[in-house]
Amino acid sequence: MSAPVKGPASYFPSIEKKYGRPIAEWKELIRASPLTKHMELVTWLKTEHEIGHGHANALVAHTLAEDSGK
C-alpha cells in the first residue's frame, strides 16, 4: 500500500481533471516560459491560462523544486 501523496503533487489529479492537460505538459510550459521567479510564473499561469492560484502555485513549486534537484 502506497503512502498518500503530499505537498504540491497532491493537487495534480484535480489540475489534470479541471484544466484538461497532463501535468507533464504544464511543466513543459513553465520551463519554456522566459520567466524564472516563482510568483511571476504563478501570475502568468493565472492570467494566461486561467489557472487558480493554488493550482498554479503547486505546479510552479513542484517544477522549480524538481529543476533545482530538491
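Helices here are DSSP runs of at least four residues, numbered from the N terminus. With that in hand, the protein chain reads as α-α-α-α along its sequence. There are four helices and zero strands. Please keep in mind as you look around that this is a predicted model.

Let us start with how far the prediction can be trusted. The mean pLDDT of the protein chain is 93, and 94% of its residues reach 70 or more. Confidence is lowest in α1, with a mean of 95, and highest in α3, at 98. As a general caution, where pLDDT is low, the predicted coordinates should not be read in detail.

Now step back and take in the whole chain. The C-alpha trace spans about 40 × 30 × 20 Å along its principal axes. For 70 residues, a compact globule would have a radius of gyration near 11 Å, and the 12 Å of the protein chain agrees with that. Buried residues make up 29% of the 70 residues. If you take the contacts between residues at least 6 apart in sequence, 46% of them join residues at least 24 apart.

A good place to begin the tour is α1, which covers residues 12-19. Which residues of this helix are buried? They are F12, I15 and Y19. Seen down the axis of α1, these buried residues fall within an arc of 60 degrees, so they line one face of the helix. Turn to the face pointing away from that buried side, and you will find the exposed residues P13, K17 and K18. What covers the buried residues of α1 includes α2 (23-32) and α4 (53-67). Just after α1 comes G20, with a positive phi near 75 degrees.

F12, in helix α1, shows this packing in detail. Its relative accessible area is 12%, and because buried means under 20%, F12 counts as buried. Leaving aside residues up to four places away in sequence, F12 touches I23, K27, A58, L59 and H62. Of these partners, L59 is a nice one to trace on the screen: F12 and L59 are 47 residues apart in sequence, yet 8.0 Å apart in space, C-alpha to C-alpha.

Next, move on to α2. Here I23, W26, K27 and I30 are buried. They cover an arc of only 100 degrees around the axis, which puts them on the same side of α2. The face of α2 turned away from the buried side carries the exposed residues E28 and A32. The cover over the buried residues of α2 includes α1, α3 and α4.

Two of the buried residues you have just met come together. The structure holds one aromatic pair. Y19 and W26 form that pair, with 6.3 Å from centre to centre and 85 degrees between the planes, in an edge-to-face arrangement. Why edge-to-face? Planes over 60 degrees apart count as edge-to-face, and those of Y19 and W26 stand at 85 degrees. Both Y19 and W26 are buried. The ring of W26 has another neighbour too: the charged end of R21 sits over this ring, 4.9 Å from its centre.

From here, follow the chain to α3, which runs over residues 38-49. T47 belongs to this helix, and T47 is exposed, with a relative accessible area of 54%. Computed along the chain, T47 and V60 are 13 residues apart, and their C-alpha atoms are separated by 14 Å.Between α3 and α4 lies a loop that contains E50. E50 has a positive phi of about 55 degrees although it is not a glycine. Is E50 buried or exposed? With a relative accessible area of 65%, E50 is exposed.

The tour ends in α4, where D67 is found. D67 is partly exposed, with a relative accessible area of 47%. To relate D67 back to the opening helix, compare it with I15: the two are 52 residues apart along the chain, and their C-alpha atoms are separated by 20 Å.

Definitions and conventions: Residues are numbered from 1 along each chain as its sequence is written. This is a predicted model: local features need pLDDT of at least 70, side-chain atom pairs count only at pLDDT 80 or more; totals for chains, interfaces and linings use all residues. Side-chain values use heavy atoms; hydrogens and water are left out. Rings of Phe, Tyr and Trp (its six-membered ring) pair if their centres lie within 6.5 Å; planes under 30 degrees apart count as stacked, over 60 as edge-to-face and the rest as tilted. Buried means under 20% relative accessible area, exposed over 50%, partly exposed in between (1.4 Å probe, protein chains only). A charge sits over a ring if NZ of Lys or CZ of Arg is within 6 Å of the ring centre and within 35 degrees of the ring normal. Helices (H or I, at least four residues) and strands (E, at least two) are DSSP runs, numbered from the N terminus. The arc is that of the directions from the helix axis to the C-beta atoms. Contact means heavy atoms within 4.5 Å. pLDDT is the predictor's confidence in each residue, from 0 to 100. The radius of gyration is taken over C-alpha atoms; the globule rule is 2.2 Å times the number of residues to the power 0.38.
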